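Here are my notes on the model you sent round, set out point by point. Please read them alongside the sequence and the coordinates.

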Amino acid sequence: MTHAAAPQTARHILCMKWGRKYGPEYVNRLYGMARRHLQGDFRFICLTDDASGIRPEVQCLPIPPLALPPGIPERGWTKLTTFSRSLCDEYGLRGTALFLDIDVVIVGSLDEFFTQPGEFLIIHDYKRPWRITGNSSVYRFELGAHPDVLEHFRTHFESIRRQFRNEQAYLSDFLHRQGRLAYWPAQWCPSFKYHSIPRWPANYFKPPAIPAGARIVIFHGECNPPDALAGRRNRRFRYIRPALWVGEHWRE
């Protein structure tokens with residue numbers, strides 16, 4: 001299947017949905033947030049194995065094949081297909097792509113995510129900032145610029161799996177070795193887990209807050225947006241109050 005090529009200067013919001021963990025409402029709400037927080041024209045692309053229920057403004061395309069050996073834990077490896085040559089050669093996508101996980105909550109402007117200097121930008125690791133590893137919930141790249149990321153993965157999978165726990169550790173290391181890795185300003189993409197939830201005992205009487213300077217709040221580990229909104233945390237003895245601001249932002 002061939003799609004009309006986009007201009008080289010085109011901006012894309014790129015996301016992925018596979019399996020049954022997340023429903024179409026995550027993609028639909030992500031589109032709504034992006035439309036409210038990104039000025040000007042952009043294309044919103046979802047690479048997915050099931051386009052049912054996704055709003056018509058979103059262009060749904062098949063996920064390029066990863067060719068992962070059967071029985072291997074997924075660990076996010078599917079995200080590496082965003083670097084497949086087929087996005088350009090078969091789908092006709094050209095320009096700059098900002099990849100967003102579908103469970104993030106956008107609370108501020110996205111404009112500078114497309115103008116921030118850097119060849120490949122990613123969130124710096126929250127827990128161990130002395131390491132090069134990035135968090136791949138938000139990364140930016142030029143479509144078609146890094147096909148070797150996926151090609152090297154396919155031909156060296158066994159050694160990569162032994163060395164790296166997941167796709168973001170491999171991706172960060174690979175592009176760092178090429179001198180192409182850079183990080184977003186720290187305040188732009190805070191963690192809900194580490195930066196929004198008050199420390200004990202304040203978590204019992206103060207709700208999670210939007211960190212100062214935040215533009216995209218990242219949900220990983222213990223909570224996703226519905227949990228945060230309801231005041232649920234998926235670990236015992238880790239209480240949080242409802243984060244009502246999630247409902248204000250996480251909507252179509």
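The points below go from the whole chain to its interior.

1. This is a predicted model, in which local features need pLDDT of at least 70 and side-chain atom pairs count only at pLDDT 80 or more, while totals for chains, interfaces and linings use all residues. Residues are numbered from 1 along each chain as its sequence is written, and side-chain values use heavy atoms, with hydrogens and water left out.

2. For 252 residues a compact globule would have a radius of gyration near 18 Å, and the chain agrees because its own value is 18 Å (taken over C-alpha atoms, the rule being 2.2 Å times the number of residues to the power 0.38). The C-alpha atoms fill a box of roughly 55 × 40 × 35 Å along the principal axes.

3. The secondary structure comprises eight helices and nine strands (DSSP runs, H or I of at least four residues for helices and E of at least two for strands, numbered from the N terminus).

4. In the largest nonpolar core (buried Ala, Val, Leu, Ile, Met, Phe, Trp, Tyr and Cys residues joined through side-chain atoms within 4.5 Å; buried means under 20% relative accessible area with a 1.4 Å probe, protein chains only), which has 46 residues, those touching the most other members are Ile13, Phe44, Val138, Cys189, Phe192 and Ile216. Helix 1 gives the largest share of this core, six residues.

5. Beyond its neighbours within four places in sequence, Val138 has contacts (heavy atoms within 4.5 Å) that include Leu98, Phe113, Trp184, Cys189 and Ile216.

Definitions and conventions:
Buried < 20%, exposed > 50% of the residue type's maximum accessible area, 1.4 Å probe, protein only.
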